[in-house]
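Open the model in a viewer with the sequence panel alongside. The tour moves from strands to rings to the ligand, one selection at a time.

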Amino acid sequence: MNEIAVQTQNLTRRFGKFTAVDRLTITVSRGEIFGFLGANGAGKTTAIRMLCGLLLPSEGEATVAGFDVYKSSEAIKKNIGYMSQRFSLYDDLTISENIDFFGGVYGLSPALIEERKEALIEQVGLGDFRKRLTRDLPLGFKQRLALGSAMLHDPPIIFLDEPTSGVDPRARREFWSIINELAAAGKTVFVTTHFMDEAEYCHRVSIMRAGKLIALDSPGKLKESYGRNNMQDVFVALVNDEDPRPEEQL
Amino acid sequence: MHHLIVDNVAKTYGETRALKGVSLAVEKGELFGLIGPDGAGKTTLLRSICTLLVPDSGSITVAGLDISRDVPAIRAILGYMPQRFSLYQDLSVAQNLRFFADLFQVPKHERPERLARLYHFSRLEPFKSRLAGNLSGGMKQKLALSCALIHTPEILVLDEPTFGVDPVSRQEFWEILHQIRAGGTTIVVSTAYMDEADQCDRIALFFEGEIAAMGSPAAVKGAFPYRVYRLSGTALQDLKTFLEGQPEVRGIQLFGDALHVSFSEKPSPETWREWARRGGFPGLRWEEISPSIEDVFLAHMAGETA
Ligand SMILES: Nc1ncnc2c1ncn2[C@@H]1O[C@H](COP(=O)(O)OP(=O)(O)OP(=O)(O)O)[C@@H](O)[C@H]1O
Ligand SMILES: [Mg+2]
């Protein structure tokens, strides 16, 4: 695979007069844990949806796993896993049925689905729960199941949109150790979070504000350049109050 | 005076014992936090307090009213924001707020001030006319919170109100809660953010349907039996592996760019230097810190304080 996993050039998305993502230019390498931070409404989910081939850009360029987001959205979907902001599991299916469903979506053969299902149930520690409805699972399990389901087809790149929101401190740490293992195995992880301690676990962190990229560096360098001791303070300093866009464009 | 009394409440769903005999009492005007992992029983308790669910045993009274007998009277004085609150997706931000202000019969003359305060926290004013369905996840959550806070009930129950809310807005949200509390409202709130526990007057740590610790945040932290050190300045994963092999260590947790390590007794400076030398961590920095709620929580979950 290409050493560049994700590349964008002036990637832009407008909704009517409103610009949700404004000329985003980034390059993410293979095996990188790339943190995508920003205040609510900064444009993170919109950018991720464009990169996953789910939303067409208004302007600009982007390639994911070497495929163009305008022309090859189907090829992109085969090469990425996407865990959406409110985990994309079906609450009224059992664990086992959810995995079958996702395996089907990714076009895996029934035999391969069975094999990966067992591995996934094992890995997430869901053995006793397999026949239970997904809605009855604690959130920490749900979140690991959602990650596993998004990766059934073993994609090289994964987009995680707030995978740890609402999750307790222990489950968050367990989830991050999975992310680290994935990156160590060469997967590229693109992740958003509102927990600033998690920003420290990323190789590089980008911060968006009102649709624009306003900072991009390693957590260490960001703390140094902004003269702060932790990412929380860097974030608060950068994401200040007012939306700078003129009112008629909102 | 106790405004809310929960006495030995138990609830079982199938084989799951969601609450195993929980008791607590909240004073009038107190800001009380329920802290615990998902599935620990917080939502079950909050829904019971709001008369939406009947426990199998035990009793709950709100302002002296019984949740199984006085449902309408309790609902009249209680405001509840459930975990996944749905707004009217096809109404705008402003229309949603007006709808809830009407529903809760907020007097017209009080509205401008309340709206100003809520818009300041949510930063949604520029997006007033946008449909709720077109907001980002966190913006939706902030609108839902604003709708819940548009009136001031006697007792306010919030289930994970800051889910997906960014750090800046979370701070402002807690300022609003403090203002509401200062007005005499009793607030019961659940959260997965440990830093929010410190904002409460008292907290209960929930694990598996039981309360493992309860008191002011200072008291809960003060009862932590170990000395905690913050370690930094070196490769944390290697340091963790090394310290796991040291018998003095009671627990190790990753906290962003540092490790928190707990000990029954304070290691001497010689011990620290010896560890740095033996483990090959020349840049190691260590300082004793007072334990945070997150330290206490993680230790409970790891069974270190059992
Ligand atoms: N279909 C749409 N029509 C109009 N505006 C939209 C639409 N979808 C998104 N937006 C707007 O685009 C902006 C960016 O939203 P996005 O969901 O990307 O934010 P985010 O950074 O993911 O925020 P959060 O942290 O809250 O998840 C917001 O102002 C949102 O209201
Ligand atoms: Mg989002």
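In β8(A), which residue is the bridge partner of Ile158(A)? Select Val189(A), and you have that partner.

Before moving on, note that this is a predicted model, in which local features need pLDDT of at least 70 and side-chain atom pairs count only at pLDDT 80 or more, while totals for chains, interfaces and linings use all residues. Residues are numbered from 1 along each chain as its sequence is written, chains are lettered from A and ligands numbered from 1 in the order in which they are written, and side-chain values use heavy atoms, with hydrogens and water left out.

**Strands of chain A**

Select residues 157-161 and 188-192 of chain A, strands β7 and β8. Helices (H or I, at least four residues) and strands (E, at least two) are DSSP runs, numbered from the N terminus. β7(A) and β8(A) run parallel and are joined by five bridges; two strands pair if DSSP finds at least two bridges between them. Now add helix α6, residues 169-184 of chain A: the chain passes through this helix on its way from β7(A) to β8(A), and the β-α-β crossover is right-handed (with the strands pointing away from the viewer, the path from the first strand over the helix to the second runs clockwise).

Next, show the side chains of β8(A). Thr188(A), Phe190(A) and Thr192(A) point one way, Val189(A) and Val191(A) the other way. All five residues of this strand are buried (under 20% relative accessible area; exposed is over 50% and partly exposed in between, with a 1.4 Å probe and protein chains only).

Select residues 33-38 of chain A for β3, which pairs with β8(A) in the parallel sense over four bridges. Here Gly35(A) stands opposite Val191(A). Then go to β6(A), residues 80-83, where Ile80(A) and Tyr82(A) point one way, Gly81(A) and Met83(A) the other way, and all are buried. Four bridges join β6(A) to β7(A) in parallel, and Ile80(A) has Ile157(A) as its bridge partner in β7(A).

**Rings**

Over all chains the structure holds 23 aromatic pairs. Rings of Phe, Tyr and Trp (its six-membered ring) pair if their centres lie within 6.5 Å; planes under 30 degrees apart count as stacked, over 60 as edge-to-face and the rest as tilted. Select Phe101(A) and Phe102(A): this pair is edge-to-face, at 5.4 Å centre to centre and 90° between the planes. Phe101(A) is partly exposed at 35% relative accessibility, whereas Phe102(A) is buried at 11%.

In chain B, pick Tyr229(B) and Trp272(B), a tilted pair with 5.1 Å between centres and 45° between planes. Tyr229(B) lies in β11(B) and Trp272(B) in α10(B), so the pair ties together parts that are 43 residues apart in sequence. Add Phe263(B), Trp275(B) and Trp286(B) to see the cluster that ring pairs form with these two.

Back in chain A, select Arg172(A), whose charged end sits over the ring of Phe195(A), 3.7 Å from its centre (CZ of Arg or NZ of Lys within 6 Å of the ring centre and within 35 degrees of the ring normal).

**Ligand 1**

Finish on ligand 1, which lies between chains A and B. An oxygen atom of ligand 1 is 2.8 Å from a polar backbone atom of Gly41(A), and one is 3.0 Å from a side-chain N or O atom of His194(A). From chain B, a backbone N or O atom of Gly138(B) lies 2.7 Å from an oxygen atom of ligand 1.

Technical notes. A residue is near a molecule or strand if one of its heavy atoms lies within 4 Å of it. A polar contact is a pair of N or O atoms within 3.5 Å; within protein, one must be able to donate a hydrogen and the other to accept it, and residues adjacent in sequence count only if both atoms are side-chain atoms.
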